[in-house]
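Here is a friendly note to read with the structure open beside you. The points below go from the overall picture to single residues.

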Amino acid sequence: MAMVWGQGELFPSASAVDVEITKVLLRKYPKMEITINGLKLRDSLTAKEKSTLKKWDPIINNIELAIHAILDLEIKEIMEYRFIDRNPRKAALVKWSIFTERSFDRKIQEGTESVAGTLKMLGII
């Protein structure tokens, strides 16, 4: 439940649509990060490349911030391993074999909801 500050929320709650947008961003994160890191290494950029860098760089940085801001350490580790370290789901399931697939997927869902809340608070979504 979000805290209420006057007429609005101090920490806005992420809606179902926000969570779906976050899932898309998390899936696209590896490609976006590789592209941005490559663009940062170039001496000169085209207008399109500059536009992409300007658009994607804050998204990448805020996704990383949102994952690092997850309070539950177990969920944070799973989200970092899965998305920031770009490991496949299967590798994550092997690493966290103490969980059933359903339990693991619930942890990912909780992490995604947390990331969505942070991204919404930061104005990314």
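A word on terms before the numbered points: a residue is called buried under 20% relative accessible area, exposed over 50%, and partly exposed in between. By that cut-off Arg-42, at 45% relative accessibility, counts as partly exposed. Please keep in mind that this is a predicted model.

1. **Overall layout.** The chain contains five helices and two strands. Their order along the sequence is β-β-α-α-α-α-α. Measured out along the principal axes, the C-alpha trace covers about 45 × 45 × 20 Å. Of the chain's 125 residues, 35% count as buried.

2. **Contacts and surface.** If you take the contacts between residues at least 6 apart in sequence, 60% of them join residues at least 24 apart. The chain exposes about 8,200 Å², and carbon and sulfur atoms supply 56% of that area.

3. **Helix α5.** How far apart are the end C-alpha atoms of α5? They are 31 Å apart, which agrees with the 32 Å that its 22 residues (101-122) should span at 1.5 Å a residue. Directly after α5 comes Gly-123, with a positive phi near 85 degrees.

4. **What α5 buries, and under what.** The buried residues of α5 include Phe-104, Lys-107, Ile-108, Gly-111, Val-115 and Leu-119. As a general reminder, an α-helix has 3.6 residues a turn, so residues three or four places apart point the same way. Which helices help to cover the buried residues of α5? The cover includes α1 (16-41), α2 (47-68), α3 (73-84) and α4 (89-95).

5. **A buried aspartate.** Asp-18 sits in helix α1. Its relative accessible area is 8%, so Asp-18 is buried. Beyond its neighbours within four places in sequence, Asp-18 is in contact with Ser-13, Ala-116, Lys-120 and Ile-125. Of these contacts, Ala-116 is itself one of the buried residues of α5.

6. **Charges in total.** The chain carries 20 positive and 17 negative side chains, and the centres of the two sets are 6 Å apart. Side chains of opposite charge can pair when their charged atoms come close. The structure holds eight salt bridges, and the next three points take up some of them.

7. **Arg-42 with Glu-49.** These two side chains form a salt bridge in which the closest N and O atoms are 2.3 Å apart. Is Glu-49 buried or exposed? Glu-49 has a relative accessible area of 18%, so it is buried, while its partner Arg-42 is partly exposed at 45%.

8. **Glu-74 with Lys-107.** Here the salt bridge has an N to O distance of 3.1 Å. Glu-74 belongs to helix α3 and Lys-107 to helix α5, so the pair ties together parts that are 33 residues apart in sequence. Glu-74 is partly exposed, at 31% relative accessible area, and Lys-107 counts as buried, at 17%.

9. **Arg-89 with Glu-101.** The side chains of Arg-89 and Glu-101 meet in a salt bridge at 3.3 Å, N to O. This pair links distant parts of the chain, with Arg-89 in helix α4 and Glu-101 in helix α5, twelve residues apart. Arg-89 counts as partly exposed at 30%, and Glu-101 is partly exposed too, at 49%. Which residues make up the network of salt bridges here? Arg-89, Glu-101 and Asp-105 are linked in it.

10. **Leu-45 in its loop.** Leu-45 lies in the loop between α1 and α2. At 23% relative accessibility Leu-45 counts as partly exposed. Leaving out residues up to four places away in sequence, Leu-45 touches Leu-39, Lys-50 and Leu-53. Leu-45 and Glu-113 are 35 Å apart, C-alpha to C-alpha, and 68 residues apart in sequence.

11. **Arg-86 and its backbone.** Please also have a look at Arg-86, in the loop between α3 and α4. Most residues other than glycine have a negative phi. Arg-86 has a positive phi of about 60 degrees although it is not a glycine. With a relative accessible area of 39%, Arg-86 is partly exposed.

Conventions:
Residues numbered from 1 in each chain as written. Predicted model: local features only at pLDDT ≥ 70, side-chain atom pairs only at ≥ 80, totals over all residues. Heavy atoms only, no water. Helix = DSSP H or I, 4+ residues; strand = E, 2+ residues; numbered from the N terminus. Expected span 1.5 Å × (residues − 1). Buried < 20%, exposed > 50% of the residue type's maximum accessible area, 1.4 Å probe, protein only. Contact = heavy atoms within 4.5 Å. Salt bridge = Lys/Arg side-chain N within 4 Å of Asp/Glu carboxyl O. Areas by Shrake-Rupley, 256 points an atom, 1.4 Å probe, with all protein chains shown as cover. Lys, Arg positive; Asp, Glu negative; His and termini not counted. Charge placed at Lys NZ, Arg CZ, Asp CG, Glu CD.
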